[in-house]
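Hi everyone, thanks for letting me take the floor this week. Please have the sequence and the model up in front of you, and let's walk through them together.

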Amino acid sequence: MRSSLSLATAAALVATVSAHGNITSPPGRLPGPAMIQACGQTGVNAVLQDGTIPLENLLNTGAACKLDLCRGALFADNVARVQTFSLGQVVPMTAILPIPHEGPANVSIVKTATNTILGDMLLVFDSYADENLAVLPANNTAFSVTIPTDAVVAAECALAGACVLQWFWFGEAAKQTYESCIDFVVV
C-alpha cells in the first residue's frame with residue numbers, strides 16, 4: 001500500500017497534538033511509508049492522531065514493527081532529519097509534557113542494530129514528570145546531554161542510522177511508556 005504521507009505532513013500533525021509527552025528538539029523520528037510497511041496503517045494513524053501516544057496504546061501493529069525501538073519509527077523515513085554531533089558536544093533537548101505521569105526517565109545512546117544502550121545512560125531521572133507537583137521542575141522540559149568522547153561511540157555512531165539519542169520515560173501509575181529518538185552521527 002502506498003501512502004501519500006510526507007514528513008512535513010507528519011511533523012505538522014504530530015506537533016499539534018496535546019497529549020502525554022514528546023521530545024520537540026532536536027527533531028526526532030517521525031512515521032512515514034517505511035513505518036506503514038512495518039507497523040501497518042493503523043499503527044501509523046494512531047501516532048498521527050496522538051503524537052505522544054504511549055507504546056501500550058499502539059495496537060494491531062504489523063509483525064515487523066519494533067515498538068520498543070523508537071516507537072516503531074524507522075530510519076528510512078527520517079534520513080533528512082539526521083543530526084551531526086561532535087564527541088564531547090553538549091546537546092540541548094526540549095520536551096513537551098502536557099499530561100505528566102510520574103516515573104523514571106533517561107536519555108541514552110542506543111545502537112539501532114541491537115536496540116542496546118551504548119555505554120552509560122547520559123541522563124537519568126529517578127522521578128520525572130510528577131503529576132502531583134503544582135509545577136514540574138524546569139529540567140523536565142529543558143535539559144542537556146553530553147555526547148561521550150569514547151572510541152566506542154565514535155566507531156559505532158559514525159554512520160547515519162546506526163545510533164539514536166533516545167529519550168525514554170515510564171509513567172508508573174499510568175503504566176505507560178514513551179519514547180522519542182533522534183538520529184545522529186558523530187564527527
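Let's begin with asparagine 22: is its place buried or exposed? Its relative accessibility is 9%, and buried means under 20%, so asparagine 22 counts as buried. Please keep in mind throughout that we are looking at a predicted model. You will find asparagine 22 in strand E1, which covers residues 22-25.

What does the side chain of asparagine 22 pair up with? It has a polar contact of 2.3 Å with the side chain of serine 180. A polar atom of the asparagine 22 side chain also lies 3.1 Å from the backbone oxygen of glycine 51.

Now for the disulfides. In general, a disulfide is a covalent bond between the sulfur atoms of two cysteines. How many does this structure hold? There are three. If you count the bonded cysteines along the chain, the pattern reads 1-2, 3-6, 4-5. Let's take them one by one.

Start with cysteine 39 and cysteine 65, whose sulfur atoms sit 2.0 Å apart. The torsion about their S-S bond is about 80°, so this disulfide is right-handed. This pair links distant parts of the chain, 26 residues apart: cysteine 39 belongs to helix H2 (residues 33-49), while cysteine 65 is in the loop between H2 and strand E2 (83-85). Both partners are buried: cysteine 39 has 1% relative accessibility, and cysteine 65 has 13%.

Next come cysteine 70 and cysteine 181, joined with an S to S distance of 2.2 Å. Here the torsion is about -95°, so the disulfide is left-handed. Again, distant parts of the chain are linked: cysteine 70 is in the loop between H2 and E2, cysteine 181 is in strand E9, and they are 111 residues apart. Cysteine 70 is buried at 5% relative accessibility, and cysteine 181 is buried too, with a relative accessible area of 3%.

That leaves cysteine 157 and cysteine 163, with their sulfur atoms 2.1 Å apart. Which hand does this link have? With -80° about the S-S bond, it is left-handed. Cysteine 157 is buried, with a relative accessible area of 0%, and cysteine 163 is buried as well, at 0% relative accessibility.

Let's turn to the nonpolar cores. The largest one has 26 residues, and the members that touch the most others are Met93, Tyr128, Phe143, Leu165 and Trp167. Which elements give two or more residues to this core? They are strands E3 (90-96), E4 (103-111), E6 (123-128), E7 (142-146), E8 (163-171) and E9 (176-186). There is also a second, separate core of 13 residues, which includes Cys39, Val47, Leu48 and Cys65. You have met two of those names already: cysteine 39 and cysteine 65 form a disulfide.

To finish, click on leucine 165. Even leaving aside its neighbours within four places in sequence, leucine 165 is in contact with a long list of residues, including Phe85, Val91, Met93, Val107, Leu122, Val145 and Phe184. Two more entries on that list should ring a bell: Ser180 and Cys181. Serine 180 is the side-chain partner of asparagine 22, and cysteine 181 is joined by a disulfide to cysteine 70.

That's my tour, and I'm happy to take questions!

Terms used: Residues numbered from 1 in each chain as written. Predicted model: local features only at pLDDT ≥ 70, side-chain atom pairs only at ≥ 80, totals over all residues. Heavy atoms only, no water. Helix = DSSP H or I, 4+ residues; strand = E, 2+ residues; numbered from the N terminus. Buried < 20%, exposed > 50% of the residue type's maximum accessible area, 1.4 Å probe, protein only. Polar contact = N/O pair within 3.5 Å; in protein donor to acceptor, adjacent residues only side chain to side chain. Core = buried A, V, L, I, M, F, W, Y, C linked by side-chain atoms within 4.5 Å. Contact = heavy atoms within 4.5 Å. Disulfide = S-S within 2.5 Å.
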